[in-house]
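Student: Please take one part of this model and go through it closely. I would like the strand order, the pairing and whatever packs against it.

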Amino acid sequence: MNKSNVWLVGAGPGDAGLITIKGLLCIQCADVIVHDRLVNPELIAQAPEHCEIINVGKEHDYHPIPQEEINQILLKYALAGKRVVRLKGGDPYVFGRGGEEAEVLAQHGIQFEIVPGISSSIGGLAYAGIPVTHRDYASGFHVVTGHTAQGSEQQNWEVLAQLEGTLIILMGMSRLEEICRQLIRYGKSPATPAAVIMYASHPKQDRVIGTLKTLPAKAEEKKLHAPALIVVGDVVNLSETLSFTPDSITSDELFSQLKNSTGGAI
C-alpha cells in the first residue's frame, strides 16, 4: 500500500460489515480519513489512534464544506506525505463524485487508488428483500440520480418511463411525488410496483411498498425522508418473500474474527 498517497474507499451502503477487506485495511493504515456524513461510525473507529478524522458530510441543499474545499483537503494532506483515505458511502464512482476527486488528484500528480464499495443501489435494495434483477421479473436495471449537477434540471423521464427492467433512483426523495407523476405521465402504469427504502442496511432501515400511484402518500404517512432509495419495477413484489434479518454480529466482533483468521494481518 506504499505506492499511493490517497485511497478513495467505498464504505458500502451502511452496514459496517459490508466494507471490503481492502477498504478496511486502508482505514487501519490511514494517517487522515476524510469521510462522508453517512459512513458508519463503526468503520471510522477502526482507524489508528494517531489518525486525523475530518467530516466533510453533505446534506440535501446543505453543503457546509464545498466540493472544491474537499478537493483541497485531499491535496493538502497528500502533498504533506500523509496516507489519506477518502471514505465515501456506497461506491466512490456511483454518484459519489469520486471521479471528480480522482481527476483533481491526477492533475496534481498525486498517486491514488480506487477501492470499490457495494453501491446502495444494489446492496441497499438487497437488505430490503428486493433483487435488482430476477429471471422472472427483470433482466436488467437502471440507476439514475433524482437530480442533476445543475440542480433544477430534470432527468428525461419520458425516456426513463419507456425502459424495461428495474429503475433505481438515488437522491430523489425530495422529488418523490414529481418522479412518480412523471413516470406515469410518460407511460408507466400507475399500478407499477414501487418502493422507498430509508437508511438501507442500517439498523434503523425502514421502507414502504406500494405503486407509482400510492407511493408518495404512503411515504409521507410513514414520514420517510432522505437518505432513501426509490425503486420501480416488478421485483418490488418480492420484498416480503425475500426479506431477511441481518446477522446480529457486531462489526467489532467481525473485524476481530478477521484479524484472528488472518493471523493479525488485518
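Tutor: Two strands count as paired if DSSP finds at least two bridges between them. The model is predicted, and the part chosen here is an open sheet of five strands in the order 3-2-4-1-5, with parallel pairing. Strand 3 (52-55) and strand 5 (112-115) stand at the edges; each has a single partner strand, so one side of each is left without a neighbour in the sheet. From one strand to the next, the twist averages 15°.

Strand 1 (residues 6-10) and strand 4 run parallel and are joined by five bridges. Within this pairing, Val 6 has Val 84 in strand 4 as its bridge partner. Helix 1 (residues 21-28) packs on the sheet, where it touches strand 1, strand 2 (32-35), strand 4 and strand 5. The direction of helix 1 makes about 135° with that of strand 5. Helix 3 (residues 67-79) also packs on the sheet, and its contacts are with strand 1, strand 2, strand 3 and strand 4. For helix 3, the angle to the direction of strand 4 is about 150°.

Strand 4 (84-88) is followed by a loop to helix 4 (98-107), and Phe 95 lies in that loop. Phe 95 is partly exposed, with a relative accessible area of 39%. Patch residues need over 30% relative accessible area. Together with Val 94 and Met 171, Phe 95 forms a nonpolar patch on the surface, with about 240 Å² of accessible area for the three together.

Note on methods: Residues are numbered from 1 along each chain as its sequence is written. This is a predicted model: local features need pLDDT of at least 70, side-chain atom pairs count only at pLDDT 80 or more; totals for chains, interfaces and linings use all residues. Side-chain values use heavy atoms; hydrogens and water are left out. Patches are made of residues with over 30% relative accessible area and no salt bridge: like charges are joined within 9 Å, nonpolar side chains (Val, Leu, Ile, Met, Phe, Trp, Tyr) within 5 Å. Accessible areas come from the Shrake-Rupley method with a 1.4 Å probe; for residues, only the protein chains shown count as cover. A salt bridge is a side-chain nitrogen of Lys or Arg within 4 Å of a carboxyl oxygen of Asp or Glu. Helices (H or I, at least four residues) and strands (E, at least two) are DSSP runs, numbered from the N terminus. Buried means under 20% relative accessible area, exposed over 50%, partly exposed in between (1.4 Å probe, protein chains only). Axes are lines fitted to C-alpha atoms, for helices over the stretch in contact, and angles run from 0 to 180 degrees between N-to-C directions. Contact means heavy atoms within 4.5 Å.
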